[in-house]
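Here are some exercises to work through with the sequence and the model side by side. Try each task before you read its solution.

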Amino acid sequence: MRRLVRETRLDPAQFILPLFVCPGEGIKREIGSMPDNYQMSVDQVVKECAEVQSLGIGGVILFGLPEAKDEAASGAYGEDGIVQTALRAIRRETPKLLIVTDVCNCEYTSHGHCGFVKDGDVDNDTTLQWLAKTALSHARAGADIVAPSDMMDGRVGAIRQTLDANGFEKTAILAYAAKFASVFYGPFREAAESTPQFGDRRSYQMDPANGREAMKEIAFDLEEGADMIMVKPALPYLDLICQARERFDVPIAAYQVSGEYSMIMAAVRNGWLEYERAMMETLTSITRAGAGIILTYFSKPAARLLG
Ligand code: PBG
């Protein structure tokens, strides 16, 4: 009876698995702070994607670790960049798998900031041109959805315009709309080697104290043409997922970020929490709050458990 009256059900189709692509061949390097997650070369990512597809998982989101970083983030938008190369390879082997790409510069800039740095601060409008170029190169290489995570103002509009002008009207935009300057991205920055070399991201990411501002950011991104929006991180911001669900009739995603994952894994490894229950309870809560899509490092084990 408990099963019969359950209000919230999970489905592997709602999960998106983040993957970190690195140069080389045959490389699968575990990320210290994120057990069971790896930096993988393109050939390994292709294999991983086949498994993701066979588990019925909704899709993957790709993050790139470029061969070299520079001031102009040139690795982000080059036709032969790491993400573009991975996209073409995955498309070849698993043509039906949904592929999302993270559109940002912090993995590609020598200073680790998400945009062009002028006089010690990120220059919003120059960064928009980089982001639009990156999104277009991802679309060309086969991305179904581009997901800008930089938090520059006006980036959804800039990306939409560039995609449409180049014949990619069908490429969707998932906007990291309400993205907070959060401590919980710590392990990701180890995974993606994207820690800022000076300062922090508070000039472009949101203050965790501001829920009303989050709704405003979401509204802006939708006006500019976002097809879906995201709240990030997930568990500390369930109230905002819930408010967004009530206010906006678009697909809502939540990102259960690296720190949320690592906290659970650390407790599990210490014998302080039960693995499966901790994983499923958090995913259920995020879904109950109103997120139809969850970006989560638990995608594979959760999908296996759901059968
Ligand atoms: C890039 C980006 C970050 C994450 C996703 N895209 C890091 C950041 O903003 O510093 C974090 C994801 C995670 O912690 O799992 N800007």
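The exercises below concern a predicted model, and each is followed by a worked solution.

**Exercise 1. Packing of α4 and α5**

Task: Describe how helix α4 and helix α5 cross, and list the residues that make the contact.

Solution: Start by locating the two helices: α4 covers residues 124–141 and α5 covers residues 155–165. Next, fit the axes, which come within 9 Å and cross at roughly 45°. An angle of this kind is neither under 35 degrees nor within 65 to 115, so α4 is oblique to α5. The crossing of α4 and α5 is right-handed.

Now look at the side chains. From α4, the contact draws on L128, L131, A132, A135, L136 and A139. From α5, the partners are R155, A158, I159, T162 and L163. Sorted by class, the residues of this contact are nine nonpolar, one polar and one charged.

**Exercise 2. Packing of α1 and α3**

Task: Repeat the analysis for α1 and α3, and find the handedness of their crossing.

Solution: Begin with the axes again: those of α1 and α3 come within 9 Å and cross at roughly 45°. That makes α1 oblique to α3. The crossing of α1 and α3 is right-handed.

Then go to the residues that meet. On the α1 side they are V42, V45, V46 and C49. On the α3 side they are I82, T85, A86, A89, I90 and E93. By class, the contact of α1 with α3 has eight nonpolar residues, one polar and one charged.

**Exercise 3. Salt bridges between distant parts of the chain**

Task: How many salt bridges does the structure hold? Take the pairs E51–K300, R91–D144 and R155–D221, and say which parts of the chain each one links.

Solution: As a reminder, side chains of opposite charge can pair when their charged atoms come close. The structure holds 13 salt bridges.

- Step 1: E51 and K300. Their closest N and O atoms are 3.2 Å apart. E51 belongs to helix α1 (residues 42–54) and K300 to helix α11 (residues 299–306), so this pair ties together parts that are 249 residues apart in sequence. With a relative accessible area of 29%, E51 is partly exposed, whereas K300, at 15%, is buried.
- Step 2: R91 and D144. Here the closest N and O atoms are 2.5 Å apart. R91 sits in helix α3 (residues 82–93) and D144 in the loop between α4 and β8 (145–148), so the pair ties together parts that are 53 residues apart in sequence. D144 is partly exposed, with a relative accessible area of 28%.
- Step 3: R155 and D221. These side chains meet in a salt bridge of 3.0 Å, N to O. R155 is in helix α5 and D221 in helix α7 (residues 211–223), so the pair links distant parts of the chain, 66 residues apart. Buried means under 20% relative accessible area, and R155 has 2% while D221 has 3%, so both residues count as buried.

Finally, which residues are linked with E51 and K300 in a network of salt bridges? The network joins E48, E51, K300 and R304.

**Exercise 4. Backbone details**

Task: Where is the cis peptide bond that involves P233, and which values of phi do D36 and E193 have?

Solution: Take the peptide bond first. The cis bond joins K232 and P233, with omega about -10°. P233 lies in the loop between β10 (228–232) and α8 (238–247).

Turn next to phi. For D36, phi is near 70°, a positive value in a residue other than glycine. D36 lies in strand β3 (residues 34–41) and, at 44% relative accessibility, counts as partly exposed. For E193, phi is near 50°, which is also a positive value in a residue other than glycine. E193 is placed in the loop between α6 (186–191) and α7, and E193 is partly exposed, with a relative accessible area of 44%.

**Exercise 5. A distance check**

Task: Is R92 buried or exposed, and what distance separates its C-alpha atom from that of L128?

Solution: R92 lies in helix α3. With a relative accessible area of 62%, R92 is exposed. The C-alpha atoms of R92 and L128 are separated by 30 Å, and the two residues are 36 residues apart along the chain.

Definitions and conventions. Residues are numbered from 1 along each chain as its sequence is written. This is a predicted model: local features need pLDDT of at least 70, side-chain atom pairs count only at pLDDT 80 or more; totals for chains, interfaces and linings use all residues. Side-chain values use heavy atoms; hydrogens and water are left out. Axes are lines fitted to C-alpha atoms, for helices over the stretch in contact, and angles run from 0 to 180 degrees between N-to-C directions. Helices (H or I, at least four residues) and strands (E, at least two) are DSSP runs, numbered from the N terminus. Angles under 35 degrees count as roughly parallel, over 145 as roughly antiparallel, 65 to 115 as roughly perpendicular and the rest as oblique. A crossing is left-handed if the near helix is turned anticlockwise from the far one by less than a right angle, and right-handed if clockwise. Contact means heavy atoms within 4.5 Å. Ala, Val, Leu, Ile, Met, Phe, Trp, Tyr, Cys and Pro count as nonpolar, Asp, Glu, Lys and Arg as charged, and the others, Gly among them, as polar. A salt bridge is a side-chain nitrogen of Lys or Arg within 4 Å of a carboxyl oxygen of Asp or Glu. Buried means under 20% relative accessible area, exposed over 50%, partly exposed in between (1.4 Å probe, protein chains only).
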